[in-house]
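Here are a few friendly notes to read with the model open beside you. They take up the cysteines, then a pocket, then one histidine.

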Amino acid sequence: RLAADQGDARAQACLGQCYHQGEGPPEDHVKAVHYYRLAADQGDAGGQYGLAQCLSFGRGVPRDETGPLGTTASQWTRATLRRSAT
């Protein structure tokens, strides 16, 4: 948690996953989204993917239902795929 709170993107994505799945800390989707978003904003593929999943399924945030290609979830998924391809 210390590294995540100090801005380490990988640690933020990992902590988001811990909150998302209840591994270690109790399951808390709002906190998961918070840490996923911090990581995603820094370009971390794990954070981008986790945030996209939360947005797609409405975990910790309202479900993103604006349309399959125009959704924020879709945008984060595409960003993850672009990053993974490089």
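**Notes on the predicted model**

1. Let us begin with the cysteines. This predicted model holds zero disulfides. C18 is in no disulfide, and the nearest cysteine sulfur, that of C14, lies 6.9 Å away. A pair of cysteine sulfur atoms has to be within 2.5 Å to count as a disulfide, so C18 and C14 do not qualify. As a reminder, a disulfide is a covalent bond between the sulfur atoms of two cysteines.

2. Are C18 and C54 buried or exposed? C18 is partly exposed, because its relative accessible area is 24%, and the range for that class starts at 20%. C54 is buried, with a relative accessible area of 0%.

3. Next, the largest pocket, which holds about 150 Å³ of space. Two elements each give two or more residues to its lining: α2 (9-21) and α4 (45-57). Of these, α2 gives the most, with six residues.

4. Which residues line the largest pocket? They are R10, A13, C14, Q17, H20, Q21, Y36, G46, Y49, G50 and Q53. By class, the lining divides into four nonpolar, six polar and one charged residue. C14, the cysteine whose sulfur is nearest to that of C18, is one of the lining residues.

5. Last, a look at H34, which sits in helix α3 (residues 29-41). H34 is partly exposed, with a relative accessible area of 43%. H34 and V61 are 27 residues apart in sequence, and their C-alpha atoms are 9.9 Å apart in space.

Terms used
Residues are numbered from 1 along each chain as its sequence is written. This is a predicted model: local features need pLDDT of at least 70, side-chain atom pairs count only at pLDDT 80 or more; totals for chains, interfaces and linings use all residues. Side-chain values use heavy atoms; hydrogens and water are left out. On a 1 Å grid over the protein atoms alone, a cavity is a set of points where a 1.4 Å probe fits but cannot get out, and a pocket is an open set with protein on both sides within 12 Å along at least five of seven lines; lining residues have an atom within 4 Å of a point. Grid points are joined across faces, edges and corners, and a volume is the space filled by probe spheres set on the points. Helices (H or I, at least four residues) and strands (E, at least two) are DSSP runs, numbered from the N terminus. Ala, Val, Leu, Ile, Met, Phe, Trp, Tyr, Cys and Pro count as nonpolar, Asp, Glu, Lys and Arg as charged, and the others, Gly among them, as polar. Buried means under 20% relative accessible area, exposed over 50%, partly exposed in between (1.4 Å probe, protein chains only).
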